[in-house]
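Me: I have a model open here and would like to go through it with you in a few questions. Could you take a look?

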Amino acid sequence: MTPTSTAVANSAVTRNAVVILAAVAVGAALYWLAPILTPLALAMFLAVMIDGFARMLEHRMPGVSRRAATPLAVGLSMLLFGGAAYVIFDNATSFAAQLVGYTPKLNGLLARLAGLVGMDVPPTVQQLAQQFDPAALLRTVAKGLQTFASNAGFVLVYLGFIIASRRGWERKVIGLFPLREERQEAVAAFLRIRDGVEQYLWVQTVTGLMIAVVSWVTMMAVGLDNALFWTFLIFIASYIPVIGGIVGVAAPPIMALVQFDTLWQAIVLFAVLQTVTLFVGNVIYPRMQGRSLNIDPVAVLLSLAFWTAIWGVSGAFLSTPLTVMAMVILAQFKGTRWIAVMLSADGDPQQLKTKEVGQLPDHHVSKEPAGRRTKRS
């Protein structure tokens, strides 16, 4: 190797080492600052969702102006979130009370499971409960509810300030990027992030509603208790990649085993939920999503594990949108572009595929490559 090529190679190695060390430092900072950053991240993505909702109302509903679209979107979103929270907490109380009456059936289910694994003396629910400290469990639950309530308050406060400060963003972009070319690249990158997150949230919402509606009809048909509660949980879990689908398919059949004396209800629930989840995940979801996010499936799993480890359940919900944002930002810099290439599905992280910048999230995603599209009159 010539001295010039050796110097270039050493420079690349040094640059990559610095990038890796910076990534480790950023991960540590995200972990330690989780109480502050988690509500802010949730508020930012709620703001993106409300912005997309507002643009849809403006374009889809006649008579709704741009000025009226945002307050209308905020009001409708708050009503939806408030109603969902009320249903979940109201049914959760009933569900907790019913668990006490399910104790004999739970003992029977434990006995059957113990027989399947060859255990001679199966444990009972009371024995399992004695191994835990009830007071500590109650303290943990109470702390968790308190944390959730405080985080929800912080999220709403952050969300209000983010929406109120939108008017100053344009001036801030001009101040950060005085040159027109740099400003155009920064705005284009922001729009790619926004469009990717909106598309992800739109697809997850529509497919989650499909699965939730079919699940509710099936649970009502077999007579499962708290069907509405499980429906909302299935819908919320649909925003968590991989794990959400597993929980949604497994939880209702398990509760059917506890509630009913016969097995056919659990078998029907499992068969229907598994079928609709596979159909939506393998047929409807790819058609709606297309290649718009352009994220490697392995990167989706790794991001789910990473963000869950540092931010818990909130990180699991935000893992894919955060990965979209990281991929687009990393692709803008020469030293970090290789990370964006590894995160992308086809090695081209510069753009979100098959989606024009500024399109509404419910716009039909064409499978035709972007370079082959022609303008239609």
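Me: How many aromatic pairs does a search of the whole structure find?
Reply: Happy to help! This is a predicted model, where local features need pLDDT of at least 70, side-chain atom pairs count only at pLDDT 80 or more, and totals for chains, interfaces and linings use all residues. Residues are numbered from 1 along each chain as its sequence is written, and side-chain values use heavy atoms, leaving out hydrogens and water. Rings of Phe, Tyr and Trp (its six-membered ring) pair if their centres lie within 6.5 Å, with planes under 30 degrees apart called stacked, over 60 edge-to-face and the rest tilted; searching the whole structure this way gives 6 aromatic pairs.

Me: What kind of aromatic pair do Trp307 and Trp311 form?
Reply: A pair of aromatic rings is described by the distance of the centres and the angle of the planes. Here the centres are 5.1 Å apart and the planes make 50°, so Trp307 and Trp311 count as tilted.

Me: Why are Trp307 and Trp311 separated by about one helical turn?
Reply: Both belong to helix α12; helices are DSSP runs of H or I with at least four residues, strands are runs of E with at least two, and numbering starts at the N terminus. The separation is about one helical turn because the two residues are 4 residues apart.

Me: Is Trp307 buried or exposed?
Reply: The cut-offs are under 20% relative accessible area for buried and over 50% for exposed, with partly exposed in between (1.4 Å probe, protein chains only). Trp307 has 11%, so Trp307 is buried.

Me: Which residues lie nearest the centre of the second largest pocket?
Reply: On a 1 Å grid over the protein atoms alone, a pocket is an open set of points with protein on both sides within 12 Å along at least five of seven lines, where a lining residue has an atom within 4 Å of a point. The lining has 42 residues, dividing into 26 nonpolar, 3 polar and 13 charged. Nearest the centre are Arg166, Trp169, Val173, Phe190 and Arg194.

Me: Where is Thr320 found, and what is its relative accessibility?
Reply: The C-alpha atoms of Thr320 and Leu304 are separated by 7.2 Å, although the two residues are 16 residues apart along the chain. Thr320 is found in helix α12 (residues 297-330), and Thr320 counts as buried because its relative accessibility is 4%.

Methods. On a 1 Å grid over the protein atoms alone, a cavity is a set of points where a 1.4 Å probe fits but cannot get out, and a pocket is an open set with protein on both sides within 12 Å along at least five of seven lines; lining residues have an atom within 4 Å of a point. Ala, Val, Leu, Ile, Met, Phe, Trp, Tyr, Cys and Pro count as nonpolar, Asp, Glu, Lys and Arg as charged, and the others, Gly among them, as polar.
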